[in-house]
Amino acid sequence: MDLSGANLQLDSFEELAIPLFDQLYNFAHWLTQNREEAEDLVQETYVKALKGFSSFQLGTNFRAWIYRILRNTFLTSRKGLKVTMTVPLDPDEDEEGLEPAIEHATPETLLLARSSHESLQSAIDELPVHFREILLLCEVEEMSYQEISDTLAVPIGTVMSRLSRARQTLRNRLRPNLQQAAGLRIARGTNHGL
Amino acid sequence: MVCESWKAQLDTYLDGELPQEELRTFDSHARNCPSCSADALSRVQLKRAIHMAGKRFTPSAEFRKRMQQNMAPKPRRSFRLGWMLAAAAAVLLVVGTLTSTYLGNRSGRDQVFSEIADLHVATLASSSPVDVISSDRHTVKPWFQGRIPFAFNLPELQNSDFSLLGGRMTYLEQTPGAHLIYDERKHHISVFVFQEQSLPSKLSDNALQPGKLSFNMETWSKGGLRYFVIGDASAADIDSLAKLFKAAS
């Protein structure tokens with residue numbers, strides 16, 4: 001009887017956990033910024049999730065649940081603790097996210113900038129971890145605000161404001177690249193004219 | 001500025017998190033406001049760029065193997081826990097084969113659908129969305145001759161709510177194709193046609209909502225050509241236009 005229960009549990013765990021392996025690893029690597037630490041983090045997450053699976057309620061959001069385990073595991077790791085020590089007390093009051101008076105990049109300059117994945121990846125890498133994680137959960141994992149709220153254990157209002165600041169900070173950091181790209185475009189246009 | 005209150009909601013709109021009635025109001029505003037539609041376009045492009053750039057890291061083969069070994073049953077553990085860990089090891093063994101194939105196909109497919117949505121939005125936001133402006137299919141179809149490496153039929157639109165606005169050349173995954181724009185009760189609908197064999201991603205025929213944007217899309221393959229119909233019209237209207245194309249091809 002006990003075994004059949006365990007069997008059912010493992011079947012469910014398998015069904016839910018398999019499709020998330022690569023995504024969890026990607027997210028872990030973005031958080032830790034290090035391959036070995038990401039591997040340790042994913043491994044620990046799977047062990048904890050498997051052990052705690054009996055407490056997971058089937059029918060609720062498994063993805064938010066396992067991402068939350070991964071994130072909490074990261075925050076209690078040596079690197080995570082170091083990161084949280086250097087993060088502002090209230091990350092949602094970070095002034096860096098304030099809207100500047102400059103206009104947004106034009107679609108054309110963004111298109112040009114898209115060719116440089118590396119510069120975008122570097123800009124994401126350089127974001128504070130609370131901005132990086134929320135941006136990745138929204139844009140890469142395509143989580144809803146509710147899922148992000150469940151994963152990060154913050155209210156939806158905080159999700160919206162933090163996401164907005166994360167995007168603005170990223171735009172601000174990309175702006176020099178965009179302006180450079182726009183400059184190149186103008187120079188190329190001038191050459192054509194000649 | 002008049003648009004400031006709209007722009008404050010732009011990210012929420014693009015994330016697909018606005019309530020239905022606000023979404024409709026926002027849609028109609030964005031369609032008539034060049035500033036908001038240009039801003040929406042640049043944000044959509046940045047979202048797409050982050051989506052692609054964010055899928056950066058994949059687990060190594062060594063890590064997969066190590067996971068299997070670490071999760072293997074230890075002799076001193078209880079039978080129940082050992083059995084669970086053995087099963088978990090089997091799970092992770094399958095991960096290596098199934099996940100990469102499944103996610104690889106899915107991400108390729110999702111990328112194509114997102115690209116189609118981007119092409120649709122970018123074209124509508126453009127000051128010159130079509131290169132050949134005509135409501136006559138006998139004008140639009142010949143325009144593509146010599147511009148794309150295949151021919152296709154356009155449907156007869158009499159007795160339908162659709163009208164042809166024109167066409168333009170487009171590219172999807174470096175493959176040239178035709179982009180046609182139709183009007184249906186003030187909704188603009190894009191129809192894309194590509195050679196199936198030239199598209200790297202394998203797609204199945206279905207109707208869907210790409211990403212979180214408020215579009216409906218239908219795709220199918222016929223006669224070696226891959227068709228996509230996308231727009232903010234209802235799923236039934238998208239399907240009606242798709243049926244007209246299927247009947248014509």
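A residue counts as exposed if 12 or fewer other C-beta atoms lie within 10 Å of its own, and as buried if 20 or more do. The legends below use these words for a predicted model.

**Figure 1. Helix α3 of chain A has a buried face.** Helix α3(A) covers residues 35-51, 17 residues in total. From first C-alpha to last, α3(A) reaches 24 Å, close to the 24 Å expected at 1.5 Å a residue. Its buried residues are Ala38(A), Glu39(A), Leu41(A), Val42(A), Thr45(A), Tyr46(A), Ala49(A) and Leu50(A). Seen down the axis of α3(A), they fall within an arc of 165°, so they line one face of the helix. On the other side of α3(A), Glu36(A) and Lys51(A) are exposed. An α-helix has 3.6 residues a turn, so residues three or four places apart point the same way.

**Figure 2. Asn26(A) touches residues of chain B.** Asn26(A) sits in helix α2 of chain A, residues 21-32. Asn26(A) has 21 other C-beta atoms within 10 Å, so it is buried. Its contacts are Lys55(B), Arg56(B) and Phe57(B), leaving aside residues up to four places away in sequence. Ala38(A) is 12 residues from Asn26(A) in sequence. In space, the two lie 8.2 Å apart, C-alpha to C-alpha. Ala38(A) is one of the buried residues of α3(A).

**Figure 3. The largest nonpolar core lies between two domains of chain A.** This core has 46 residues. Those with the most contacts inside it are Leu24(A), Ala28(A), Leu70(A), Ile134(A) and Leu135(A). Helix α8 of chain A, residues 129-140, gives the largest share, 8 residues. Domain 1 (1-86) and domain 2 (93-194) of chain A both contribute residues, so the core lies between them. In soluble globular proteins, nonpolar side chains tend to be buried together.

**Figure 4. Ile134(A) and its contacts.** Ile134(A) is among the core residues with the most contacts inside the core. Not counting residues up to four places away in sequence, Ile134(A) touches Ile148(A), Leu152(A) and Val159(A) among others. Its contacts also include Arg162(A), Leu163(A) and Ala166(A).

**Figure 5. Another core includes residues of chain B.** This core lies apart from the largest one and has 43 residues. Among them are Val112(B), Leu164(B), Ala178(B) and Phe192(B). Chain B has 8 helices and 7 strands. Of its 249 residues, 34% are buried. Among contacts in chain B with a separation of 6 or more, 59% join residues 24 or more positions apart.

Note on methods. Residues are numbered from 1 along each chain as its sequence is written. Chains are lettered from A and ligands numbered from 1 in the order in which they are written. This is a predicted model: local features need pLDDT of at least 70, side-chain atom pairs count only at pLDDT 80 or more; totals for chains, interfaces and linings use all residues. A nonpolar core is a set of buried Ala, Val, Leu, Ile, Met, Phe, Trp, Tyr and Cys residues joined through C-beta atoms within 7 Å. Helices (H or I, at least four residues) and strands (E, at least two) are DSSP runs, numbered from the N terminus. Domain bounds come from an automatic or database domain assignment. Two residues are in contact if their C-beta atoms, placed from the backbone, lie within 7 Å. The expected span of a helix is 1.5 Å times one less than its number of residues. The arc is that of the directions from the helix axis to the C-beta atoms.
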